[in-house]
Amino acid sequence: MKSKVQEVAKLAYECVMQVKDKDFASKYLSYARKLPSMITHNGLLVTVAFAKAKKEQAWKTLLEHIESFLRKEGIKKDKKDLIEFLSDCEVQEYRLITKRVLGFSIWLKRIAEGEIKDEGKGD
């Protein structure tokens, strides 16, 4: 039996391993480092909208990882766009989702820093 923390860490590890050898891995690392502070300072919805507007593979992949986390946690069950999904949430639900995604993003950051070589290609 695994704890919730172990499950979140495992998913974050699997997500980072998917991009570790990709050509955009360095940018993914850079954005993964920024993600927790962006969520904290700007909010989850604004951060998702910002990431989506960038149209870069690294941001797109980070959004896919957030969405997979929400699906694995049983939070997002429909096929709505992530922005639409978050916009439709009640305030308390949105706060809970933000807190959970923030925790997941911290794991993504930690694991990416350990697994992806920093080539200085990020912003």
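**Exercise 1.** In which helix is the place of Thr47? Decide also whether Thr47 is buried or exposed, and list the residues that Thr47 touches, leaving out residues up to four places away in sequence.

*Solution.* The model is predicted.
Step 1: Find the helix that covers residues 44-54; this is helix H3, and Thr47 lies in it.
Step 2: Take the relative accessibility of Thr47, which is 3%.
Step 3: Apply the cut-off, since buried means under 20% relative accessible area. Thr47 therefore counts as buried.
Step 4: Leave out residues up to four places away in sequence; Thr47 then touches Leu35, Met38, Ile39 and Asn42.

**Exercise 2.** State how many helices and strands the protein chain has, and decide how its compactness compares with that of a globular protein of its length.

*Solution.*
Step 1: Count the elements: the protein chain has six helices and zero strands. Along the sequence this reads α-α-α-α-α-α.
Step 2: Compare the radius of gyration, 14 Å, with the 14 Å that the globule rule gives for 123 residues. The two values are close, so the protein chain is as compact as a globular protein of that length.
Step 3: Add the box filled by the C-alpha atoms, roughly 40 × 40 × 25 Å along the principal axes.

**Exercise 3.** Describe burial, contacts and exposed surface in the protein chain.

*Solution.*
Step 1: Of the 123 residues, 41% are buried.
Step 2: Consider contacts between residues at least 6 apart in sequence; 76% of these join residues at least 24 apart.
Step 3: The exposed area is about 7200 Å², and carbon and sulfur atoms supply 52% of it.

Note on methods:
Residues numbered from 1 in each chain as written. Predicted model: local features only at pLDDT ≥ 70, side-chain atom pairs only at ≥ 80, totals over all residues. Heavy atoms only, no water. Helix = DSSP H or I, 4+ residues; strand = E, 2+ residues; numbered from the N terminus. Rg over C-alpha atoms; globule rule 2.2 N^0.38 Å. Buried < 20%, exposed > 50% of the residue type's maximum accessible area, 1.4 Å probe, protein only. Contact = heavy atoms within 4.5 Å. Areas by Shrake-Rupley, 256 points an atom, 1.4 Å probe, with all protein chains shown as cover.
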